[in-house]
Amino acid sequence: MAIRLQQLGPYKIEAALGAGGMGEVYRARDTRLGRTVAIKVLPHDKLADPDRKRRFLQEARAASALNHPNIVTLYDIASDGGVDFLVMEYVPGQSLRSLIPRDGMPVSQVREYGAQMAVALAAAHAAGIIHRDLKPGNIMITPESQVKVLDFGLAKLAAVGHLDPEEDTRTIGPSLTEAGVVMGTVGYMSPEQVRGESVDPRSDIFSLGCVLYQMATGRAPFSRRTAAESMAAILRDQPVWDRFPEELAPAVRQCLEKSSAQRFQSARELGAALQPAAAATADTGRATRRQVVAAGLGAAIAAGAGVWW
């Protein structure tokens with residue numbers, strides 16, 4: 001992507017970082033504070049409607065209140081020469097999408113990154129903010145293996161358009177908030193998002209389950225040839241669990257329940273289930289039970305030998 005901008009307000013554009021359905025992203029220099037930031041230039045057509053822009057600004061202001069080490073900080077919402085843009089924390093590193101190998105990540109890495117994502121969601125949900133578009137492309141991993149979740153609350157800015165399994169967020173419907181509006185990225189949406197129903201934090205938990213599944217296997221659980229097939233799979237199909245890591249399966253299965261009532265009821269619960277310490281405790285418990293059984297068996301054998309003698 002060629003850089004078309006040189007300066008936005010006090011921000012000097014240095015390099016293009018990427019582009020998608022939600023706008024173009026640049027690395028820039030804040031000339032006032034002398035720090036590097038990320039600038040997301042928002043497509044004009046998505047903010048052309050004044051009511052839509054007002055709602056988006058309201059959502060963005062709420063997201064800017066989030067201050068968490070696993071969430072990219074939103075510094076500013078501004079406009080310059082008719083260009084609307086967001087100023088965010090610049091995060092060096094790579095997107096999770098580019099880091100997932102074809103055959104998936106080691107279980108320990110899935111646990112480590114997944115637990116950090118769950119903590120980020122828990123903080124956002126506590127502030128009343130639902131992500132609505134969690135996917136590997138919205139998650140950054142720093143060189144220190146720290147997770148940074150991007151774009152909280154931006155799904156409401158999505159545009160009306162065709163749905164493609166690999167496309168960014170799209171929205172269908174006349175309103176940004178009412179039931180009947182589909183928000184999210186095909187392949188990572190919850191069943192209630194596919195049906196256009198209202199969502200709550202458990203919708204993000206389903207999306208995180210999709211991300212965890214892809215991290216462990218290298219493929220998204222409901223990805224099909226077309227968007228329509230992917231959406232139908234979300235509503236009716238079960239993921240393929242053959243060769244899925246046994247130690248991760250219980251938590252990921254619960255995330256991907258079709259009914260939100262059957263999922264983890266909070267991201268905090270999911271985070272606890274993913275913590276390596278929890279897994280170690282479970283392994284210790286299993287080892288202890290094996291030791292008790294072995295000890296009991298040994299005692300029985302010894303007693304039997306004594307009787308024989």
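**Figure 1. Burial and fold of the protein chain.** In this predicted model, 49% of the 309 residues of the protein chain count as buried. The secondary structure of the chain consists of nine helices and 11 strands. When contacts between residues at least 6 apart in sequence are considered, 56% of them join residues at least 24 apart. The accessible surface of the chain amounts to about 14900 Å², and carbon and sulfur atoms account for 52% of that surface.

**Figure 2. The cavity of the protein chain and its lining.** The model contains one cavity of 30 Å³ or more. The volume of the largest cavity is about 130 Å³. Its lining is formed by 13 residues, and those closest to the centre of the cavity are Ala63, Val72, Leu74, Asp151 and Phe152. By residue class, the lining comprises 11 nonpolar residues, one polar residue and one charged residue.

**Figure 3. Cysteine 210 and cysteine 255.** The count of disulfides in the model is zero. Cysteine 210 takes part in no disulfide; the nearest cysteine sulfur belongs to cysteine 255 and lies 9.0 Å away. Why is the sulfur of cysteine 255 without a bond to the closest cysteine sulfur? A disulfide requires two cysteine sulfur atoms within 2.5 Å. The sulfur of cysteine 255 is 9.0 Å from that of cysteine 210, and therefore too far for a bond.

**Figure 4. Surroundings of the two cysteines.** Are these cysteines buried or exposed? Cysteine 210 has a relative accessible area of 0% and is therefore buried. Cysteine 255 likewise counts as buried, because its relative accessibility is 0%. The cut-off for a buried residue is a relative accessible area under 20%.

Terms used
Residues numbered from 1 in each chain as written. Predicted model: local features only at pLDDT ≥ 70, side-chain atom pairs only at ≥ 80, totals over all residues. Heavy atoms only, no water. Helix = DSSP H or I, 4+ residues; strand = E, 2+ residues; numbered from the N terminus. Buried < 20%, exposed > 50% of the residue type's maximum accessible area, 1.4 Å probe, protein only. Contact = heavy atoms within 4.5 Å. Areas by Shrake-Rupley, 256 points an atom, 1.4 Å probe, with all protein chains shown as cover. 1 Å grid on protein atoms, 1.4 Å probe; cavity = no way out; pocket = protein on both sides within 12 Å on 5 of 7 lines; lining within 4 Å. Points joined across faces, edges and corners; volume = space filled by probe spheres on them. Nonpolar A, V, L, I, M, F, W, Y, C, P; charged D, E, K, R; others polar.
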